[in-house]
Amino acid sequence: MAELDTSGGGKHKGGKVRSKKQSTRVDLTAMVDLAFLLITFFIMTTTLAKAKAMDLAMPDKDEKTKDQLDIAASRSMTILLGSDDKLEWYIGEPGKSAPTIDNFGPNGLRKTLIEKSKEVQQKTGKYMFVVIKPSDKSKYKNMVSTLDEINIANIQSYGIVDISAPEIELLKKDGLYNDNK
């Protein structure tokens, strides 16, 4: 039980002895109980910061939507997600420009997206379109990292499509499609 002793006692100034006062006891048990009840209440009713989710709008799987998107190859960037947390990207059409192997992070994909977006903006006056093609050997976290980097680089338009057989062969040739994963 918590107590607070408020008794004054003993000698006072000048060595005078005063009569002893009766000790006053204040029981603090109720106040401690109330404090713990309040702490428990606020812990139970507080909501922590909620996870932020990025909106991703996906089109319907109609035949109409496949042909509606006509973007010049000069302003499109394709990102192929491979194994071992690596990726490969190229600007334009496959086979016409040399692919570059890159990684995730500020000095990898993010830097590339920012630089290439500025180049495309200066050359064409339009925004760059990014096509993301995850392989079956890539990890889900790589897809999420790619979307995060696109969001950080402020890319206006992007799409997620299936990877084609020639692109899988390109990943295999560059060692980014390991069958043991």
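This passage describes the sheet, one β-α-β unit and a surface patch of a predicted model.

The sheet is open and has five strands. Their order is S5-S4-S3-S6-S7, and the pairing is mixed. Strand S5 (100–102) and S7 stand at the edges. Each has a single partner strand, so one side of each lacks a neighbour in the sheet. From one strand to the next, the twist averages 25 degrees. Strands of a sheet are held in pairs by backbone hydrogen bonds, in either a parallel or an antiparallel sense.

At the S7 edge, the pairing can be followed residue by residue. Strand S6 covers residues 129–134, and strand S7 covers residues 157–160. The two strands run parallel and share four bridges. Val131 has Gly159 of S7 as its bridge partner. Ile132 stands opposite Ile160, also in S7. Helix H4 (residues 140–152) joins S6 and S7 in a β-α-β unit. The unit is right-handed.

A separate feature lies on the surface. Val32, Phe36, Ile39, Ile43 and Met44 form a nonpolar patch there. Together these residues have about 550 Å² of accessible area. Phe36, one of the patch residues, belongs to helix H1, which spans residues 29–45. Why does Phe36 count as exposed? The relative accessible area of Phe36 is 55%, and the cut-off for an exposed residue is over 50%. Phe36 is therefore classed as exposed.

Technical notes
Residues are numbered from 1 along each chain as its sequence is written. This is a predicted model: local features need pLDDT of at least 70, side-chain atom pairs count only at pLDDT 80 or more; totals for chains, interfaces and linings use all residues. Side-chain values use heavy atoms; hydrogens and water are left out. Two strands pair if DSSP finds at least two bridges between them. A crossover is right-handed if, with the strands pointing away from the viewer, the path from the first strand over the helix to the second runs clockwise. Patches are made of residues with over 30% relative accessible area and no salt bridge: like charges are joined within 9 Å, nonpolar side chains (Val, Leu, Ile, Met, Phe, Trp, Tyr) within 5 Å. Accessible areas come from the Shrake-Rupley method with a 1.4 Å probe; for residues, only the protein chains shown count as cover. A salt bridge is a side-chain nitrogen of Lys or Arg within 4 Å of a carboxyl oxygen of Asp or Glu. Buried means under 20% relative accessible area, exposed over 50%, partly exposed in between (1.4 Å probe, protein chains only). Axes are lines fitted to C-alpha atoms, for helices over the stretch in contact, and angles run from 0 to 180 degrees between N-to-C directions.
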